[in-house]
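Trainee: Hi! I'm new to this one, could you walk me through it?
Mentor: Happy to, let's take a look together.

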Amino acid sequence: MTHAIAVAGASGRMGHMLIEAVHQAPDCHLAGALDRADSAVLGQDAGAFAGLSLGVPISADLASGLHNSRFLIDFTRPEGTMAHLEVCRAQGVAMVIGTTGFSEAQKSTIALAARDIAIMLAPNMSVGVNVTLKLLELAAKALATGYDIEIIEAHHRHKVDAPSGTALQMGEVIAKAQGRSLADCAVYAREGITGERDPSSIGFATIRGGDIVGDHTVLFAGTGERIEISHKSSSRQTYAQGSLRAVRFLAGQKNGLFDMFDVLGLR
């Protein structure tokens, strides 16, 4: 039996990548394709962009679009994901959520829904990124004193949130490893006469331009040495393949809120 998957944001760059990945995976099949009500491609075959005939029309009707699906992969916007969450919860559809930019209230709503359905929530589905997060946890514990921590991220010009969800997750992993809260030590902007750097802070720098898929570097700067841990994405394919690994993991879960550490056994 193959995994019946619906893809949200079917007309977007990530949606196209996910549709192709699902189509090519021998243990998965596309069962639904969702897009906004104002999308110009509603009613078209979900594979038309790639010259494929998948027999799945793109729909804005969430209930019917999810009717034949057991999983929804969602890389959209917070407001869209929250609308999808409500319908998935009602229909018992598990969710793989790669959307970023959620408020704390929205994260709480997702956690509440996970009492009824299985949800894998991660700002970055890349296997490499999540291995990088594990390395950062180790480095943060060993370099807890005497090292200034800066997180630099770069993405394409179309990205609408900053810092990236991955950069924020890196900060959270580092802060937690050092027994701190990111909310208490994060610095997101510097301008003018800022004074000396607070040694307890975790700084963020954001770059937007061109078609950069996603670059993240964490700098641990000490006296006389620097350690840099970097991950660079050259294709969204890594996110798509990570999403399918998450689907396979959720197939064995009835409910609960998980992340990629659970999927990859890095907990």
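Mentor: Let's start with a term: on a 1 Å grid over the protein atoms alone, a pocket is an open set of points where a 1.4 Å probe fits, with protein on both sides within 12 Å along at least five of seven lines, and its lining residues have an atom within 4 Å of a point. A volume is the space filled by probe spheres set on the points, which are joined across faces, edges and corners. This is a predicted model, where local features need pLDDT of at least 70 and side-chain atom pairs count only at pLDDT 80 or more, while totals for chains, interfaces and linings use all residues. Residues are numbered from 1 along each chain as its sequence is written, and side-chain values use heavy atoms, leaving out hydrogens and water.

Trainee: Cool, what volume does the largest pocket have?
Mentor: About 1,000 Å³. It is lined by 40 residues, and R13, M14, F75, T76 and R77 are the closest to its centre.

Trainee: Which element supplies the largest share of that lining?
Mentor: That's α3, with four residues. Helices here are DSSP runs of H or I with at least four residues, and strands are runs of E with at least two, numbered from the N terminus. α1 (13-24), α3 (78-91) and α6 (165-177) each give at least two residues to the lining of the largest pocket.

Trainee: And the second largest pocket, how much space lies there?
Mentor: About 880 Å³. Of its 29 lining residues, K107, P123, L168, Q169 and E172 are the closest to the centre. The largest share of this lining comes from α6, with seven residues.

Trainee: Switching topic, what's the strand order in the open sheet?
Mentor: The seven strands run β3-β2-β1-β4-β5-β6-β12, with parallel pairing. Two strands pair if DSSP finds at least two bridges between them. β3 (58-59) and β12 are the edge strands, each pairing on one side only.

Trainee: How many bridges join β2 to β3?
Mentor: Two, and β2 covers residues 28-34. L34 has S59 in β3 as its bridge partner.

Trainee: Last one: which residues touch the most other members of the largest nonpolar core?
Mentor: M120, I174, I202 and F220, in a core of 59 residues. A nonpolar core is a set of buried Ala, Val, Leu, Ile, Met, Phe, Trp, Tyr and Cys residues joined through side-chain atoms within 4.5 Å, and buried means under 20% relative accessible area with a 1.4 Å probe, protein chains only. Apart from it lies another core of 19 residues, L62, V87, F102 and A113 among them.

Terms used:
Buried < 20%, exposed > 50% of the residue type's maximum accessible area, 1.4 Å probe, protein only.
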